[in-house]
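Reader: I should like a close look at a single part of this model, namely the sheet and its surroundings. Please set out how it is arranged and what packs around it.

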Amino acid sequence: AAMAMALGAGKQAALMAPTSILAEQHYRGISASLERTPGEQRPVVALLTSAVPASEREGIYRGMADGSVDIVIGTHALIQQGVDFHDLALVVIDEQHRFGVEQRAALRGKGTNPHLLVMTATPIPRTLALTLYADLDLSIIDEKPAGRQEIKTYMLAPKERPRALSFIESQLEKGRQAFVVHPLVEASDKLDARSAVEAYEEFQQIFYKHRVCLLHGRMRP
């Protein structure tokens, strides 16, 4: 909504997210929302990440500089040298705790004192200090998204592991999905914790009727 207001004033807006996946999610969601804006002129929304081919990236740079791109959504690629805006009026930083102070300032410096909206669900000490001493105006989203189902959380003891696996199997049989998060990618000599690689190999045997996949941060995009 804030971005739409900036566009309505003939200005540009930018959103910076910490990962390419999150930036792409925002790009799809914001593009779909702005498709429904009234009038014949549809806002031009661009995605700028390291995965964008160099030829396409150059075109986005030109559009940002000459004003033909209205909104740009990206990662750290937004704060690189040579990235300029025609008239940047609003900067939105998602997961702001994932960026350093200088990185956030660098994006804001791409415009002439643009409005700044920072978003986080992880209030780090600096964020708390900024809100506590009124350096930031605070908006709190404390309602569930429309259609969000109730989340039920259970804690099981290690000896109840078979019960958890049985529950997962029952959900898979109903056509649902499950994901299991582990603190390590691979087994460690220093930490007594299960790894994702070990669990993957085990779950392939346990859930042999279903497709089991492994996903971690060391994989190529």
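Author: A residue counts as buried under 20% relative accessible area, as exposed over 50%, and as partly exposed in between. This is a predicted model. By that scale Pro53 is partly exposed, because its relative accessible area is 44%. Pro53 belongs to the loop that lies between strand S2 (45-48) and helix H3 (54-66), and strand S2 leads into the sheet itself.

The sheet is open and is formed by 5 strands, in the order S2-S3-S1-S4-S5, with parallel pairing. Its edges are S2 and strand S5 (115-118), each of which pairs on one side only. From one strand to the next the twist averages 15°.

At the S5 edge, strand S4 (residues 88-93) is joined to S5 by 4 bridges, and the two strands run parallel. Within S4, the residue Val91 stands opposite Leu116 in S5. Helix H4 (residues 101-108) lies across strand S1 (12-16), S4 and S5, and runs at about 155° to S4.

At the other edge, Leu48 of strand S2 (45-48) has contacts with residues further along the chain. Leaving aside residues up to four places away in sequence, Leu48 touches Arg57, Ile60, Tyr61 and Met64, and also Val72, Ile73, Gly74, Thr75, Ala77 and Leu78. Arg57, Ile60, Tyr61 and Met64 fall within helix H3 (54-66), the helix that follows the loop of Pro53.

Leu48 also has a place in the largest nonpolar core, which has 20 residues. The residues with the most contacts inside this core are Leu48, Met16, Met64, Val72, Leu78, Phe85 and Leu107. S1, S2, H3 and S4 each supply at least two residues of the core. A second core, separate from this one, has 16 residues, including Met3, Leu22, Leu90 and Val92.

Two further features complete the account. The structure holds 1 aromatic pair. Its partners are Phe203 and Phe207, whose ring centres are 5.5 Å apart and whose planes stand at 75°, so the pair is edge-to-face; the angle that counts as edge-to-face is over 60 degrees. Phe203 and Phe207 are both buried, whereas Pro53 is partly exposed. Lastly, Pro53 and Glu201 are 148 residues apart along the chain, and their C-alpha atoms are separated by 36 Å.

How values were computed:
Residues numbered from 1 in each chain as written. Predicted model: local features only at pLDDT ≥ 70, side-chain atom pairs only at ≥ 80, totals over all residues. Heavy atoms only, no water. Buried < 20%, exposed > 50% of the residue type's maximum accessible area, 1.4 Å probe, protein only. Phe/Tyr/Trp six-rings, centres within 6.5 Å; stacked < 30°, edge-to-face > 60°. Pairing = 2+ DSSP bridges. Axes fitted to C-alpha atoms, helices over the stretch in contact; angles between N-to-C directions. Contact = heavy atoms within 4.5 Å. Core = buried A, V, L, I, M, F, W, Y, C linked by side-chain atoms within 4.5 Å.
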